[in-house]
Amino acid sequence: MYQLYGYQNSGAAAIEAALVLCKVAFRFIDVESSAEAALELSQLNPLKQIPTLRLPDGSILTESAAILIHLGLAFPASRLLPDNPVDRDQAIRGMIYIVTNAYAAIGVIDYPERWLANADEASRQNLIAGGRTRLHRSWEVFADEFSAELYLDDDTPGALDILAAVISRWAGSREHLRRTRPGFSAWLERIDRHPTLAPVFERHWPA
């Protein structure tokens with residue numbers, strides 16, 4: 001059985017949604033629920049990053065894009081990755097874009113002290129503001145470059161859709177996109193409402 005380490009309102013929601021689409025058994029381990037779970041995560045992933053996924057054979061996968069690519073290749077019937085090689089390449093490109101641009105900027109916004117030698121409050125706020133500007137611009141570029149890769153009404157959402165729907169929820173990105181890229185914003189909301197994914201998202205972001 002897969003074991004997914006994460007917590008509510010985190011990037012682990014993307015992997016949980018993918019596992020549901022793959023129709024495989026898994027256990028969600030909330031690392032905020034106990035010191036034992038947190039210690040276990042630190043032993044599996046020295047950076048204590050989530051999501052972290054333990055595979056049924058006991059091996060460990062970290063990094064959201066790597067986990068999603070693994071699941072897409074291991075369970076092709078899930079349609080997490082497109083069958084067409086050209087489309088698959090673009091989906092993988094889009095996931096790498098999200099983790100290297102949007103996810104990275106969120107790390108700066110949430111933990112500015114990690115990037116500052118002297119984390120005085122003025123420096124923290126300046127870095128947070130710059131990180132948010134960079135994040136929102138990154139989503140604008142994503143909307144312009146990758147909207148054609150997202151699923152349409154009758155298709156099954158893929159790994160790129162899931163990752164975009166999850167990571168865009170933070171640091172005011174959805175609000176920014178409603179103003180600047182309304183068509184892309186509507187796409188994200190359609191992914192949110194997908195009948196298979198909606199229960200996962202509702203567990204992480206209760207109304």
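**Reading the packing of a two-domain predicted model**

Visitor: Leaving aside neighbours within four places in sequence, with which residues is R132 in contact?

Guide: The model is a predicted one. Setting aside residues within four places in sequence, R132 is in contact with I109 and A171. R132 belongs to helix α5. The C-alpha atoms of R132 and A171 are separated by 6.8 Å, although the two residues are 39 residues apart along the chain.

Visitor: Is R132 buried, exposed or partly exposed?

Guide: The class follows from relative accessible area: buried means under 20%, exposed over 50%, and partly exposed in between. R132 has 32% relative accessibility and therefore counts as partly exposed. Its contact partner A171, at 24% relative accessibility, is likewise partly exposed.

Visitor: What is notable about the backbone of A171?

Guide: A171 is not a glycine, yet has a positive phi of about 55°. This residue lies in the loop between α6 and α7. K23 also has a positive phi, of about 60°, and is not a glycine. K23 is found in the loop between α1 and β2. With a relative accessible area of 77%, K23 is exposed.

Visitor: Which peptide bond is cis?

Guide: The bond from I50 to P51 is cis, with omega near 5°. P51 lies in the loop between α2 and β3.

Visitor: How should the sheet be read, and in what order do its strands lie?

Guide: One reads the strand order and then the sense of pairing. Here four strands form an open sheet in the order β2-β1-β3-β4, with mixed pairing. The edge strands, each pairing on one side only, are β2 (26-30) and β4 (60-62). On average, neighbouring strands of this sheet are turned by 20° against each other, direction ignored. As one case of pairing, β1 (residues 2-6) runs parallel to β2, with five bridges between them. Within this pair, Y2 has F26 as its bridge partner in β2.

Visitor: Which strands does helix α1 touch?

Guide: Helix α1 (residues 12-22) packs on the sheet and touches β1, β2 and β3 (52-54). The direction of α1 makes about 155° with that of β1. Helix α2 (residues 35-44) lies across β1, β2, β3 and β4 and runs at about 85° to β3.

Visitor: Which annotation does UniProt list for residues 1-79?

Guide: An unreviewed UniProt entry lists these residues as "domain: GST N-terminal". In the model, the span is 41% helix and 20% strand, and its end C-alpha atoms lie 21 Å apart.

Visitor: How is the protein divided into domains?

Guide: The division gives domain 1 (2-78) and domain 2 (85-202). Their C-alpha centres lie 19 Å apart. Across the boundary, 18 residues of domain 1 are in contact with 17 residues of domain 2.

Visitor: Where does the largest nonpolar core lie with respect to domain 1 and domain 2?

Guide: To place a core, one asks which parts supply its residues. Domain 1 (2-78) and domain 2 (85-202) both contribute, so this core lies between them. Of its 52 residues, L71, M95, I98, W139, F142 and I167 touch the most other members. Among the elements that each supply at least two residues are β1, α3 (64-74), α4 (85-110) and α5 (121-146). The largest share, nine residues, comes from α1. I167 touches I98, A102, Y103, I106 and W139, not counting residues up to four places away in sequence. A second, separate core has six residues, including V31, A37, L41 and I50.

Visitor: Why is α6 described as largely enclosed by the rest of the structure?

Guide: An α-helix has 3.6 residues a turn, so residues three or four places apart point the same way. In α6, nine of the nine residues are buried, so this helix is largely enclosed by the rest of the structure. Its buried residues include L160, D161 and I167. In α3, the buried residues are S64, A65, I67, L68, I69, L71 and G72. The buried residues of α3 pack against β1, α1, β3, β4, α4 and α6.

Visitor: Is R174 buried or exposed?

Guide: R174 has a relative accessible area of 7% and is buried. This arginine lies in helix α7 (residues 173-180). Neighbours within four places in sequence aside, R174 is in contact with A165, S168, R169, L188, E189 and D192.

Terms used: Residues are numbered from 1 along each chain as its sequence is written. This is a predicted model: local features need pLDDT of at least 70, side-chain atom pairs count only at pLDDT 80 or more; totals for chains, interfaces and linings use all residues. Side-chain values use heavy atoms; hydrogens and water are left out. UniProt positions are given in the numbering used here, feature names are shortened, and annotations may be inferred rather than shown by experiment. Two strands pair if DSSP finds at least two bridges between them. Axes are lines fitted to C-alpha atoms, for helices over the stretch in contact, and angles run from 0 to 180 degrees between N-to-C directions. Contact means heavy atoms within 4.5 Å. A nonpolar core is a set of buried Ala, Val, Leu, Ile, Met, Phe, Trp, Tyr and Cys residues joined through side-chain atoms within 4.5 Å. Buried means under 20% relative accessible area, exposed over 50%, partly exposed in between (1.4 Å probe, protein chains only). Domain bounds come from an automatic or database domain assignment.
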